[in-house]
Amino acid sequence: MIKGRTSRLLVLAAIWAALIAAPYWMPLFGGYTALGSRVLVLALGAMSVNFLLGFTGTLSFGHAAWFGLGAYGAGFCLKWFALSSPLGLLAGTLLGGIAGTLLGALLVRRRGVYFAMVTIAFGQVFYYIAFQWSSVTGGDDGLRGFSRQPLHLGFTTIDLLNNADAFYYFVLVCFAAAVGLMGFILRSPFGRTMIAIRENERRARFLGIPVELHIWIAFSLSCFFMAFAGALYAELNNFADPRVLHYALSGDFVIMAVMGGMRTFWGPLLGAIVFVVLQDYLSSVTVNWMSFIGILIVLIVLFFPRGILGLIRQRSAA
Amino acid sequence: MSQLILFNITNGLIVGAFYALMAIGLSLILNLSGVINFAHGGFLVIGGYLSYTLTPYLGFWGALIVAPFLTAIIGWLVERLLIRRVYGRDPLYSLLLTFGLAFIIEDGTRQIWGAQGLPVSVPAALSKPLRYEFFFITGYRLFMVAMVAVLIVLLFVLLRYTRSGIRVRAGTLDLETVSALGINVRALRSLNFSVGIFLAGFAGVLAAGQLGLDPNMGDGLLMPSFIAIIVGGVGSLTGTLLGGLLIGVAAGVTAVFFPSASDAIMYVMMAIVLLVRPRGLLGEEGMLS
């Protein structure tokens with residue numbers, strides 16, 4: 001037992017060390033710091049999807065909606081209300097999270113395939129709104145004219161805008177806070193109940209657990225995390241366009257979670273690293289990158305449904 | 001004003017009939033196999049482009065018949081090689097699989113036929129307005145609705161009176177029992193999938209005549225089909241038909257008063273249905289949920 005615990009701590013330390021040192025080792029492999037920030041942001045999104053999918057067994061295929069709302073929320077805040085990066089994050093998180101919580105009350109009335117279908121369809125509402133309401137959202141061209149602001153810490157000011165490394169660490173701190181909170185929730189009695197629902201919904205119901213309420217809360221929490229990631233994404237790009245709301249992005253998040261290993265906590269991070277780096281590379285070498293991503297998805301579904309970490313775990317258990 | 005409303009209702013019915021054709025294909029596959037076919041829009045595009053390629057050789061009418069059959073054959077192959085492997089697994093996997101397929105199909109069409117949209121001409125006899133006062137009712141639109149009606153009636157007749165049709169309906173309710181009675185469920189699902197894809201291909205040919213061709217055209221038509229299924233109720237093809245027509249007409253009527261909200265109205269309808277009657281208008285309780 002102690003051995004298991006130390007090895008787990010070692011893995012954790014290795015993950016964080018690699019993330020902290022990323023700006024130094026990534027260039028050796030042809031990476032660049034902005035790509036690292038992108039990986040972290042999308043990984044946070046994938047982990048939020050997995051929070052619901054992997055630990056409650058509820059598949060939302062429309063999570064890009066909350067991600068995109070977070071992005072637009074941050075953009076609106078920075079453009080019109082307050083020139084502050086943290087306030088932008090807060091605004092985005094609240095916009096996406098609250099919208100998700102409200103709609104979630106409606107969505108949790110359905111389950112399984114039906115739930116997936118309803119989440120896809122509802123997710124698209126926001127895509128059409130962003131697309132049509134161009135006087136506010138900029139329409140198809142996207143929301144422009146805002147940028148992340150320097151971070152004032154009282155004793156010093158950090159230039160997030162021009163210093164890519166500084167922004168990477170800003171994202172990393174946000175990522176660590178969100179992931180830490182996620183881990184805390186999953187280890188709490190509430191998180192254990194989520195897993196109980198995943199394992200056997202009927203038994204959980206017989207134990208007197210209000211299943212719908214738990215799924216609703218889990219869904220809402222996942223929306224807040226997702227919107228936080230979206231807000232970071234807007235500050236990363238200084239830009240938000242309707243594609244961040246499209247169900248194709250929801251699918252990307254789900255595939256990141258599945259590719260990494262959806263019943264594991266860190267799997268989606270691994271999945272996001274592989275997916276984002278591969279997409280970045282493929283789209284720079286071939287115009288047919290969509291086919292390659294499509295084939296990758298098909299192969300994962302057919303041959304590696306447990307994902308990379310799931311496979312490793314299976315091997316080490318055998 | 002009344003002419004405008006009439007125009008938009010007619011328009012809505014035409015669009016709705018079209019959504020219904022797409023949605024019924026999706027619904028067939030979903031009911032029997034539990035697969036949400038994300039690639040349905042992709043198959044629609046394949047149907048449209050195949051008819052474009054075939055028209056010079058077979059003429060409009062020949063392509064109208066042959067292209068959907070070719071699409072159905074491609075669908076059959078895809079089912080045999082890929083979709084079949086995820087039956088019985090978590091719905092997550094069939095969703096992802098067809099999601100990946102949709103990527104491949106979209107990129108493939110772009111590779112073969114080019115990223116630029118292509119114009120499609122329909123026979124002159126069909127493109128003229130019928131009467132001057134009702135300029136909007138062109139022959140082609142009436143033809144579309146007629147074709148959709150014929151196909152849907154044909155499908156319902158087949159489901160009602162043929163042996164395979166009855167098996168498909170029985171399988172929708174209880175696949176295990178159907179299998180236990182010695183019916184080859186695998187073959188049944190293949191056939192059913194191909195029929196669904198046939199409808200998508202046909203919808204593609206019809207859409208091409210009205211909208212022209214574009215590799216992304218399936219994308220905008222997929223969501224309304226989902227909504228038609230949810231509004232109508234999962235498990236009921238009649239419900240899906242009703243759902244498609246309803247959202248089409250609603251979008252048409254809304255376009256008179258709030259043009260910019262005509263896309264959003266179907267989502268509002270879906271929200272109301274989920275709130276008041278979560279199983280959908282004609283849906284069965286407990287179906288796939």
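Chain A of this predicted model has an average pLDDT of 87, and 99% of its residues score at least 70. Within chain A, the lowest confidence falls in strand β2(A), residues 157-158, with a mean of 76. The highest falls in helix α11(A), at 93. Where pLDDT is low, predicted coordinates should not be read in detail.

**Helix packing in chain A**

Helix α11(A), residues 211-237, packs against helix α8(A), residues 164-187; their axes come within 11 Å and cross at roughly 175 degrees. Angles over 145 degrees count as roughly antiparallel, and α8(A) and α11(A) are therefore roughly antiparallel to each other. On the α8(A) side, the contact is made by V171(A), C174(A), A178(A), M182(A) and I185(A). The α11(A) side contributes L221(A), F225(A), F228(A) and L232(A). By class, this contact has nine nonpolar residues, with no polar and no charged ones.

**Fold of chain B**

Chain B contains eleven helices and zero strands. From the N terminus on, its elements run α-α-α-α-α-α-α-α-α-α-α. The radius of gyration of chain B is 19 Å, close to the 19 Å that the globule rule gives for 289 residues, so chain B is as compact as a globular protein of that length. Along its principal axes, the C-alpha trace of chain B spans about 60 × 50 × 35 Å. Of the 289 residues in chain B, 50% are buried. Among contacts in chain B with a separation of 6 or more, 74% are between residues 24 or more positions apart.

**The side of chain B that touches chain A**

How many residues of chain B are in contact with chain A? There are 36, and they meet 35 residues of chain A. The elements of chain B that give two or more residues to this side are α3 (91-113), α9 (217-232) and α11 (265-276). Of these, α3(B) gives the most, with 15 residues. The composition of this side of chain B, by class, is set out beside that of the α8(A) contact with α11(A).

| Contact | Nonpolar | Polar | Charged |
|---|---|---|---|
| Side of chain B that touches chain A | 26 residues | six residues | four residues |
| α8(A) with α11(A) | nine residues | no residues | no residues |

The side of chain B that touches chain A thus includes polar and charged residues as well as nonpolar ones, whereas the contact of α8(A) with α11(A) has no polar and no charged residues.

Note on methods. Residues are numbered from 1 along each chain as its sequence is written. Chains are lettered from A and ligands numbered from 1 in the order in which they are written. This is a predicted model: local features need pLDDT of at least 70, side-chain atom pairs count only at pLDDT 80 or more; totals for chains, interfaces and linings use all residues. Two residues are in contact if their C-beta atoms, placed from the backbone, lie within 7 Å. Helices (H or I, at least four residues) and strands (E, at least two) are DSSP runs, numbered from the N terminus. Ala, Val, Leu, Ile, Met, Phe, Trp, Tyr, Cys and Pro count as nonpolar, Asp, Glu, Lys and Arg as charged, and the others, Gly among them, as polar. Axes are lines fitted to C-alpha atoms, for helices over the stretch in contact, and angles run from 0 to 180 degrees between N-to-C directions. Angles under 35 degrees count as roughly parallel, over 145 as roughly antiparallel, 65 to 115 as roughly perpendicular and the rest as oblique. pLDDT is the predictor's confidence in each residue, from 0 to 100. The radius of gyration is taken over C-alpha atoms; the globule rule is 2.2 Å times the number of residues to the power 0.38. A residue is buried if 20 or more other C-beta atoms lie within 10 Å of its own, exposed if 12 or fewer, and partly exposed in between; C-beta atoms are placed from the backbone.
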